[in-house]
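Work through these exercises with the model open beside you. Try each task before you read its solution.

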Amino acid sequence: MRKLWPLMVLVVTSACLSDTSPNTTTTGSLVSAIALSPNASSIAVGQTVQLNAALTGGSATTVVTWTSSNPLVAAVSATGLTTAKGTGTATITATSGAVSGATIITVLPAGITITPTTSTLAVGQSVQLRADVNDGTGSASPVTWSFSDALVASVSASGLLTAKGTGVGAVTATTTGTSTTASIAVTPASITVTPAISSLVAGQVQTFTAVVNDGSGKASGVNWSFSNNLVGTVIAQAGILTTIAPGTGTLTATAAGLSKDIAFTVTAGTVNRIEVCDLAAYDACIQNGTVNIGGEAVAARATAKNLYNADISSSCVFQWTPLIGGTLNIQLSTDAMHRDALITRVASGEVSVVVTCGNISSVFTVH
């Protein structure tokens with residue numbers, strides 16, 4: 001005899017098949033995979049990137065939730081718009097139900113600012129440089145310093161720049177993903193001129209040398225100049241100064257952006273001799289000798305010379321005196337020096353004339 005079991009009926013309602021969570025699909029079609037694009041991205045602080053989620057399965061009403069592993073580095077909106085906040089890396093994840101896809105965002109500094117932006121230093125001087133990194137952290141980020149020419153300058157790990165030798169170079173501050181440079185010029189620290197004199201006698205020739213402290217350990221190219229070419233001239237590349245006449249001027253040595261000025265005085269010195277010239281034949285000049293009067297009169301000029309054969313007549317007041325009176329008439333020029341004289345024969349015969357400046361005299365004979 002068979003035993004009869006009671007018949008049970010299971011009724012399943014639609015409510016039992018529905019998940020009301022906002023991150024799951026409301027349809028019967030489930031997501032099987034999520035792929036994000038771009039797959040990976042590098043952006044600078046402050047920049048944004050739009051991420052897109054490609055779903056395998058699901059439908060237009062499938063809910064996708066976006067999250068960031070580090071919102072201080074990269075924040076993501078409900079639509080996948082990712083904003084770089086600070087340097088570093090963050091993983092951005094798109095999730096639907098139990099399925100997710102991820103991409104890595106690398107955030108780099110937006111830039112570096114070096115202060116001072118440019119600088120001019122003398123050899124041996126130092127300057128502390130600062131690098132401000134826009135990395136979104138609000139604090140100083142570590143940087144690596146370098147300089148383009150080790151002979152011009154060196155820079156420490158802390159940004160202390162030291163001038164080594166004359167020239168121009170670039171200092172560079174580098175941090176992850178970005179760098180910037182600033183121009184640095186180094187000038188000589190000093191110029192020393194030898195011999196250390198500032199006065200010469202007219203007619204003297206003196207060679208000067210300049211030692212330039214430019215960090216090279218050797219003499220640098222120097223250009224020479226003299227401000228008053230009536231008083232003296234100098235050979236620009238050799239430093240040889242030739243004085244011409246009493247007066248003042250400035251001797252200047254210039255090298256690599258630096259100059260050394262010496263206020264110079266050229267003195268007359270003392271009268272060494274007096275020459276007398278016949279102005280009708282100006283090249284016929286004598287110190288002691290005979291002047292031939294080719295007619296009734298001769299125009300003569302006295303010139304005072306120092307030991308270096310320079311004309312220092314401007315320092316004299318000349319006196320003209322015949323040794324025998326009554327034979328010559330001497331009419332002096334009206335200038336203060338009485339450098340010129342018109343000598344007229346009064347009687348025949350040879351007559352000696354003494355021309356004097358201070359205690360120096362010259363005797364010439366007129367016949």
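**Exercise 1. Find how many residues the largest nonpolar core has, and which of them have the most contacts inside it.**

Solution. This model is predicted. Start with the count: the largest nonpolar core holds 42 residues. Next, look for the residues with the most contacts inside this core: they are W224, F318 and W320. Now take F318 and leave out residues up to four places away in sequence. F318 then touches, among others, I274, A302, M337, V355 and C357. Polar names also appear in its list, including T303, S313 and R339. Finally, look for another core. A second, separate one has 21 residues, including V127, V133, V143 and V186. As a general rule, nonpolar side chains in soluble globular proteins tend to be buried together.

**Exercise 2. Work out the strand order of the open sheet of 3 strands, and say which strands stand at the edges.**

Solution. Read the order: 3-7-6, with antiparallel pairing. Strand 3 (48-50) and strand 6 (74-76) each have a single partner strand, so one side of each lacks a neighbour in the sheet. These two are the edges. On average, neighbouring strands here are turned by 20 degrees against each other, direction ignored. Now check one pair. Strand 6 and strand 7 (residues 81-84) are joined by 3 bridges. One of the bridge partners is T82 in strand 7, which pairs with V76.

**Exercise 3. Decide where the pLDDT is below 50.**

Solution. Begin with the whole chain: its mean pLDDT is 84, and 85% of residues reach 70 or more. Then find the weak stretch: over residues 1-28 the pLDDT is below 50. Beyond near neighbours in sequence, this stretch has 14 contacts in the model. Last, compare elements. Strand 30 (residues 289-291) has the lowest mean pLDDT, 64, and strand 24 (residues 232-234) the highest, 97.

Terms used: Residues are numbered from 1 along each chain as its sequence is written. This is a predicted model: local features need pLDDT of at least 70, side-chain atom pairs count only at pLDDT 80 or more; totals for chains, interfaces and linings use all residues. Side-chain values use heavy atoms; hydrogens and water are left out. pLDDT is the predictor's confidence in each residue, from 0 to 100. Helices (H or I, at least four residues) and strands (E, at least two) are DSSP runs, numbered from the N terminus. Contact means heavy atoms within 4.5 Å. Two strands pair if DSSP finds at least two bridges between them. Axes are lines fitted to C-alpha atoms, for helices over the stretch in contact, and angles run from 0 to 180 degrees between N-to-C directions. A nonpolar core is a set of buried Ala, Val, Leu, Ile, Met, Phe, Trp, Tyr and Cys residues joined through side-chain atoms within 4.5 Å. Buried means under 20% relative accessible area, exposed over 50%, partly exposed in between (1.4 Å probe, protein chains only).
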